[in-house]
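Morning, everyone. I have one structure to show today, and I'll go through it quickly. Have a look at it first.

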Amino acid sequence: MLPDIDVVTRDDLMSLIMRNRLKPIKRLSQHFVVDPTIIRDIVNHIPRGSKVLEVGTGIGILTYYLARVASQVITIEIDGRLVRIAEHVLSGLNNVSIIQGDALRVPWPQVDALVSNVPYSITSPLIMRIIKEGVPRALLTIQREVANRLTGEPGSDDYGRLSVITQCNYSVSILNTYAPDSFYPSPEVYSSLIMMSKKEPCYDDMDALESVTKLLFRHRNRVLRWVLNKYLGPSAVNAVVNAGIDVSARVRQLGINELIKITGSLKPFINDIRSH
Ligand code: SAM
């Protein structure tokens, strides 16, 4: 049993990890949380009694504290060695189920919140799946640079396709940022905790918006006219001009509302767009 959330220390968490003589696998982004602040920051944003899905159980440290506030925790871990350790760490709790598998492939239950100290190697596909599944709330510790991309404003260096698709479906905020030694072994990067809260989607044809932004953001520093001409020809440029869009703007300057208008005007070209 681990100490209470208010009193647990870095040494408590480190000694649990050491006792299990782990050989972390780099390819699976195995960095285990040792900074109790991260756990407290996450748990404080989980309403009592919620049903929670966790991605990447590790040895079950975060899972343990989630289970103290949630009514139920379903947690997915790909590495069978860690599942066996986590089963031991979590053995006194009757509201936790561990699924051994790839969180990008196994079916997800309906939950109130998804929580993850995200294995960095699956960050983008995990976020895309959260959006597709319409998870109501997600609390994710991710690489700081990716957090900046998710919250990036039009025109900034961080703004891109991931910003558009995420902000179209979720309000995203950065809650805190942590030094590399908050995890053992330490990753090479800082991590940020973000909260994603589902909102009414900004557009009703997400597939089309995804396809159009995928094409345009291949050339984020080019002007829109150049990109449209390169892939779709002058009739697409005309269609976008007729929708009231300034085609001399650079792709990275286009706000979500402009991208929605562009997507609407490019509907006749959608098969062509998807074939590129
Ligand atoms: N939650 C634990 C913690 O905070 O200490 C572990 C976090 S560690 C950054 C990420 C965990 O995700 C590792 O245990 C790793 O084995 C697991 N993992 C990596 N890829 C996965 C995948 N596709 N599906 C499920 N788990 C995965």
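**Two loops and a domain interface**

Let's start at a loop. Pro-185 sits in the loop that runs between strand E8 (183-184) and strand E9 (191-198). Keep in mind that this is a predicted model. The peptide bond between Tyr-184 and Pro-185 is cis, with omega at about -10°.

Now a second loop. Arg-21 lies between helix H1 (10-19) and strand E1 (32-33). Its backbone stands out for another reason: Arg-21 is not a glycine, yet its phi is positive, at about 45°. Why point out both spots? Because most residues other than glycine have a negative phi, and most peptide bonds are trans.

Next, the domains. The assignment splits the protein chain into domain 1 (10-198) and domain 2 (206-275). Their centres, taken over C-alpha atoms, are 34 Å apart.

There is a record to set beside that. UniProt, in an unreviewed entry, puts "domain: Ribosomal RNA adenine methylase transferase N-terminal" at residues 38-200. Over residues 38-200, helix makes up 32% of the chain and strand 29%. The end C-alpha atoms of that stretch are 29 Å apart.

On to the interface. How many residues of domain 1 are in contact with domain 2? The count is 14 residues of domain 1, against 13 residues of domain 2. The size of an interface is often given as the accessible area lost when the parts come together. Here, the area buried between domain 1 and domain 2 is about 1,200 Å². Carbon and sulfur atoms give 63% of that area. Which three residues of domain 1 supply the most? Tyr-159, Arg-161 and Val-164 do, with 45% of the area that domain 1 buries against domain 2.

Now the polar side. Two salt bridges are found across the interface of domain 1 and domain 2. Take Glu-210 and Lys-132: they form a salt bridge, and their closest N and O atoms are 3.5 Å apart. Polar contacts across the interface come to seven residue pairs, both residues at pLDDT 80 or more.

Which elements of domain 1 give two or more residues to the side touching domain 2? Helix H5 (123-133) and helix H7 (161-169). H7 gives the most, six residues. By class, that side of domain 1 has six nonpolar, five polar and three charged residues.

That's the tour. I'm happy to take questions.

Definitions and conventions
Residues numbered from 1 in each chain as written. Predicted model: local features only at pLDDT ≥ 70, side-chain atom pairs only at ≥ 80, totals over all residues. Heavy atoms only, no water. Domains from an automatic or database assignment. Contact = heavy atoms within 4.5 Å. Buried area = accessible area lost by both parts, 1.4 Å probe. Salt bridge = Lys/Arg side-chain N within 4 Å of Asp/Glu carboxyl O. Polar contact = N/O pair within 3.5 Å; in protein donor to acceptor, adjacent residues only side chain to side chain. Helix = DSSP H or I, 4+ residues; strand = E, 2+ residues; numbered from the N terminus. Nonpolar A, V, L, I, M, F, W, Y, C, P; charged D, E, K, R; others polar. UniProt positions renumbered as here; feature names shortened; annotations may be inferred.
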